[in-house]
Amino acid sequence: MSKPKKKEVVVDHLFYKNEIIPITEWHYDWEVCPIQRDHAERAKKSKHKNKFSNLESSHLEVKGAILTKDCVCQETKKEYKKGTKFKTDGHTRDEYWWAEYSTLESVPQKVRVSYKECDSMAEVYTEYLHNDSPDDVELASDRVDGAYRDVFAHRGIEIRNGKLRKVEPIQYAASICFSLKYGGKMKTTTTNIRLWVSDLESAILWLRDVYGDPEFAKEKCDLKHMNPFTLVYLLSYTKYRKDEEALTRLKDFIFRVSNEEYVPTITSNGGCKIEYSNPVNRFMKEWKIVGTGTSQYVFAAMNDTEQAVNARSFSLMMIDRYVLDESISKTGDMPPTWRKYFSTWKNGYDLENNQKTSVSNVFELSEDEV
């Protein structure tokens with residue numbers, strides 16, 4: 001019995017257009033894709049130096065996208081004109097070819113670009129993601145860089161601090177502060193991270209300035225910064241963002257932790273001692289021993305386990321007590337209900353902010369960490 005003949009479908013519109021162009025046009029006229037990772041830093045890595053130190057035929061094949069009409073990015077609201085050209089592949093080699101540290105004495109005269117005409121920025125981003133090499137998968141920090149570039153670069157804002165290039169604090173802060181919008185754990189894709197960064201913009205920029213302040217980590221100390229710190233700092237900013245006095249206290253808390261600077265208590269004979277009924281002192285004491293596994297209050301991993309949620313409860317309670325200039329309790333002991341503090345904090349935040357945002361089908365949900 002003969003097989004049924006399949007119909008053929010017209011695919012002419014799916015083919016990429018090709019053009020050989022001068023290298024100077026590729027370098028200067030084709031813009032960096034807005035969600036591109038930090039290719040300037042990547043080009044300096046030995047892996048890429050070795051890869052592009054000798055010109056090969058495959059290196060001269062690059063890809064791009066051209067807008068067919070004026071477009072607006074739905075997340076950043078930035079406008080792009082018809083005819084704007086974007087690189088969707090070949091960023092790193094272009095960076096290396098033109099870099100002063102490159103071992104190449106000359107750049108190639110021309111490249112062949114295969115490009116697709118796109119009707120929206122979403123199509124441009126799709127092209128970029130399609131061209132991502134399976135042998136060179138972006139790390140989550142690379143995707144954070146891409147999100148920062150897309151949201152901030154057109155305003156001349158850069159975020160270079162490594163503490164803000166970790167995806168987990170941003171992911172969890174967004175899911176906690178915008179739980180109705182982002183309900184459930186989501187993949188750390190470029191699309192999702194861009195949305196999280198957009199919603200946390202003011203918190204990220206405020207914390208960037210705090211981390212960049214000369215008072216931050218000005219002294220060497222044994223207490224090292226950890227991802228859970230960035231998470232609770234972002235959360236606390238969102239809570240106190242309209243209260244300048246509270247933000248000043250929050251900033252002081254962060255500076256003290258970064259320098260392991262304890263608040264002394266003056267004794268009756270004029271001396272000083274460290275009391276751990278002071279919330280910032282207790283915060284530092286517990287986090288300093290996190291590696292020993294002897295504290296019931298702190299946990300370094302960022303996940304949804306009971307230990308991690310307890311660590312958020314403890315940390316947010318210590319911050320709130322310090323911001324309000326209160327001791328941990330009247331007796332100085334941890335309140336017996338401290339484990340419920342995160343739930344209380346979140347309920348209060350949700351009520352205060354009256355969130356009404358619905359979940360969008362643009363988000364990519366996942367049961368597992370990606």
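Start by selecting F314: with a relative accessibility of 0%, F314 counts as buried (buried is under 20% relative accessible area, exposed is over 50%, and partly exposed is in between, using a 1.4 Å probe and protein chains only). You'll find F314 in helix 14, which covers residues 306–323. Helices here are DSSP runs of H or I with at least four residues, strands are E runs with at least two, and both are numbered from the N terminus. Now add E286 to the selection: C-alpha to C-alpha, F314 and E286 are 9.6 Å apart in space, although 28 residues separate them in sequence.

A word on what you're looking at: this is a predicted model, in which local features need pLDDT of at least 70, side-chain atom pairs count only at pLDDT 80 or more, and totals for chains, interfaces and linings use all residues. Residues are numbered from 1 along each chain as its sequence is written, and side-chain values use heavy atoms, with hydrogens and water left out.

**Zoom out**

Show the whole chain for a moment. It has 15 helices and eight strands, and its C-alpha trace spans about 90 × 60 × 45 Å along the principal axes. Of its 370 residues, 46% count as buried.

**The aromatic cluster**

Back to F314, this time with its ring neighbours. Select F229, Y233, F253, F283, W287, Y297, F314, Y322 and W338: ring pairs link them into a cluster. For a pair, the ring centres of Phe, Tyr or Trp (its six-membered ring) must lie within 6.5 Å; planes under 30 degrees apart are stacked, over 60 edge-to-face, and the rest tilted. The whole structure has 20 aromatic pairs.

Take Y96 and Y101 as one example: their ring centres are 6.1 Å apart and the planes are at 55 degrees, so this pair is tilted. Y96 counts as buried at 1% relative accessibility, while Y101, at 31%, counts as partly exposed. For another, go to F253 and F283, whose centres are 5.1 Å apart with planes at 75 degrees, so that pair is edge-to-face. F253 sits in helix 12 (residues 244–259) and F283 in helix 13 (residues 279–288), so the pair links distant parts of the chain, 30 residues apart. Both F253 and F283 are buried.

Which ring does the charged end of R249 sit over? Select Y322: the charged end of R249 is 4.2 Å from the centre of that ring. Then try K285, whose charged end sits over the ring of Y276, 4.7 Å from its centre. The test for this is NZ of Lys or CZ of Arg within 6 Å of the ring centre and within 35 degrees of the ring normal.

**Helix 4**

Y96 also belongs to the next stop. Select helix 4 (residues 91–98), which is mostly covered, with six of its eight residues buried. Those six are H91, T92, R93, D94, Y96 and W97.

**The cavity**

Return to helix 14 and look for empty space. The structure holds one cavity of 30 Å³ or more, and the largest cavity has about 50 Å³ of space. On a 1 Å grid over the protein atoms alone, a cavity is a set of points where a 1.4 Å probe fits but cannot get out, and lining residues have an atom within 4 Å of a point.

To see the lining, select P228, L231, V232, F299, A301, M302, A308, A311, R312 and S315. Helix 11 (227–240) and helix 14 each supply at least two of these residues, and helix 14 gives the most, with four.

**Strand 6 and its partners**

Select strand 6 (residues 110–118) with strand 1 (residues 17–22): the two pair in the antiparallel sense over six bridges, where pairing takes at least two DSSP bridges. Here I20 stands opposite R112. Now swap in strand 2 (residues 61–67), which pairs with strand 6 in the parallel sense over seven bridges. Pick out I66, whose bridge partner in strand 6 is E117.

**Two loop residues**

Finish with E260 and D325. E260, in the loop between helix 12 and strand 7 (264–266), has a positive phi of about 50 degrees although it is not a glycine. D325, in the loop between helix 14 and helix 15 (341–353), also has a positive phi, near 60 degrees. Buried or exposed? D325 is exposed, with a relative accessible area of 60%, whereas E260 is buried at 13%.

Methods: 1 Å grid on protein atoms, 1.4 Å probe; cavity = no way out; pocket = protein on both sides within 12 Å on 5 of 7 lines; lining within 4 Å. Points joined across faces, edges and corners; volume = space filled by probe spheres on them.
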